[in-house]
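Me: I have a structure here that I have not looked at before, and I would like to go through it with you. Could you take a look and walk me through it?

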Amino acid sequence: MYVSRLEAEDLYKVFGRRPDEAVEKLRRGADREELRADGTTAAVIDASFSVESGQIFVVMGLSGSGKSTLLRMLNGLLEPTAGHVRFDGQDLTELSPRELREVRSRKISMVFQHFALFPHRSVLENAAYGLEVQGVSRETREQRALEALELAGLKGWEKSFPDELSGGMQQRVGLARALATDADLLLMDESFSALDPLIRRDMQDQLLELQKTLKKTIVFITHDLNEAMRLGDRIAVMRDGRIVQIGTAEDILVRPANDYVESFTKDVDRSRVLTAGAIMGEPENGYDASRAPATVTADTPIIDLFTPCSTSDVAVSVVDEDGGLIGVVPRARLLAVLGEPVGVSADA
């Protein structure tokens, strides 16, 4: 059973004059443009969400949507103008600067977009840096850094320096540094955005593979919807400082909250994002599962249904972990969903 580890409640961040007054105006219905006329900028407006233990929670939006500002409030790098951030029940917004630094050094790690490596330190020294800040002994921190580098696929590169590594390898060092501290929460700010597409996908694979073992709680910031849908257990879409929708990749793709979200999803490859469970319907009376061209689980990508659906008029069976029938995917339903942004709950 999942338990919420991180909670954001009614978060606001306003830059400029009289920020508290600006928050009250926003609560009464004012928009960003009205505040800008008064010399203030509302970066984050009334953001609330929770992240469960072991989840990858992705926050996505275009530049200026407020996603990076939101991330920096989660670990106290920016103080909220209003609202609360709770981690394991502890309200981070009420901690003293010293207490907050302690939490950041031991419980929360951050992986930046531009690697943030020390050029004069070796790969091993860079990976161990967070532990050095904590005051961990050299022997212990080097051992933990070696283990983290191996997890990140950098075994054998410990004595190298950052300028000897490719961009993808440098990002792996940044990831290893975060893993070495064994922090409970990883905050990743556009961590793969500076990488070439192939390296970027490789890093996504690496993160997903690591997550199978480590089961960290992760907040991942991106402007790329395909990346969000590939990585996120849940996704928050931001626009103009506000969260406009939170849901699974399937929720956002199939049931967009508004035209803005729908415009984001139009170029997404639905066949690789949607699953059989997301589009299945009730079996018709007399449905014979023994005649089904295939039997799949609810999390099977619908791209894997193309071949069986093309070879039979009988719907594909969808079963639970015990093999019990929970739904069917007829050929007509599969084709309809590939072309329609909404209406998955309708009958095929």
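Reply: Happy to, and we can start with a single residue: Leu335 is found in helix α16, which covers residues 331-339. Please keep in mind throughout that this is a predicted model.

Me: Ok, is Leu335 buried or exposed?

Reply: Leu335 counts as exposed, because its relative accessibility is 57% and the cut-off for exposed is over 50%.

Me: Which residues make a nonpolar surface patch?

Reply: Phe306, Leu335 and Leu338 make a nonpolar surface patch of about 250 Å².

Me: What about charge, which residues form a negative surface patch?

Reply: That patch is formed by Asp299, Asp320, Glu321 and Asp322. One of these residues, Asp322, lies in the loop between β12 (316-319) and β13 (325-329), and Asp322 counts as exposed because its relative accessibility is 77%.

Me: Let's go inside then. How many residues has the largest nonpolar core?

Reply: The largest nonpolar core has 63 residues, and those with the most contacts inside it are Met188, Phe220, Met229, Ile235, Leu274, Ile279 and Leu305. Helix α8, residues 167-180, gives the most to this core, contributing 7 residues. There is also a second, separate core of 28 residues, which includes Val59, Val85, Met110 and Ile243.

Me: Why would nonpolar side chains be buried together?

Reply: As a general tendency, this is what nonpolar side chains do in soluble globular proteins.

Me: Switching topic, how many salt bridges are there?

Reply: The count comes to 21 salt bridges. In one of them, the side chains of Arg172 and Asp202 meet with an N to O distance of 2.3 Å. Arg172 lies in helix α8 and Asp202 in helix α9 (residues 197-214), so this pair ties together parts that are 30 residues apart in sequence.

Me: And how accessible is Arg172?

Reply: Arg172 counts as buried, with 10% relative accessibility, whereas its partner Asp202 counts as partly exposed at 35%.

Me: Where does Arg121 lie, and what does its salt bridge tie together?

Reply: Arg121 lies in the loop between β6 (108-111) and α5 (123-127), while Glu132 lies in helix α6 (residues 129-134), so the pair ties together parts that are 11 residues apart in sequence. The side chains of Arg121 and Glu132 meet at 2.9 Å, N to O. Arg121 is buried, with a relative accessible area of 19%, and Glu132 counts as partly exposed at 32%.

Me: What does Lys25 form a salt bridge with?

Reply: Lys25 forms a salt bridge with Asp38, and their closest N and O atoms are 3.0 Å apart. This pair links distant parts of the chain, since Lys25 is in helix α1 (residues 19-27) and Asp38 is in the loop between α2 (32-37) and β2, 13 residues apart. Lys25 is partly exposed, with a relative accessible area of 29%, and Asp38 also counts as partly exposed, at 32% relative accessibility.

Me: Which residues are linked in a network of salt bridges?

Reply: Arg5, Asp88 and Asp184 are linked in such a network.

Me: Last one, where is Glu52?

Reply: Glu52 is placed in strand β2, residues 40-52, and it counts as partly exposed at 24% relative accessibility. The C-alpha atoms of Glu52 and Ile218 are separated by 9.3 Å, although these two residues are 166 residues apart along the chain.

Definitions and conventions:
Residues numbered from 1 in each chain as written. Predicted model: local features only at pLDDT ≥ 70, side-chain atom pairs only at ≥ 80, totals over all residues. Heavy atoms only, no water. Patch = residues over 30% accessible without salt bridge, like charges linked within 9 Å, V, L, I, M, F, W, Y side chains within 5 Å. Areas by Shrake-Rupley, 256 points an atom, 1.4 Å probe, with all protein chains shown as cover. Salt bridge = Lys/Arg side-chain N within 4 Å of Asp/Glu carboxyl O. Lys, Arg positive; Asp, Glu negative; His and termini not counted. Charge placed at Lys NZ, Arg CZ, Asp CG, Glu CD. Helix = DSSP H or I, 4+ residues; strand = E, 2+ residues; numbered from the N terminus. Buried < 20%, exposed > 50% of the residue type's maximum accessible area, 1.4 Å probe, protein only. Core = buried A, V, L, I, M, F, W, Y, C linked by side-chain atoms within 4.5 Å.
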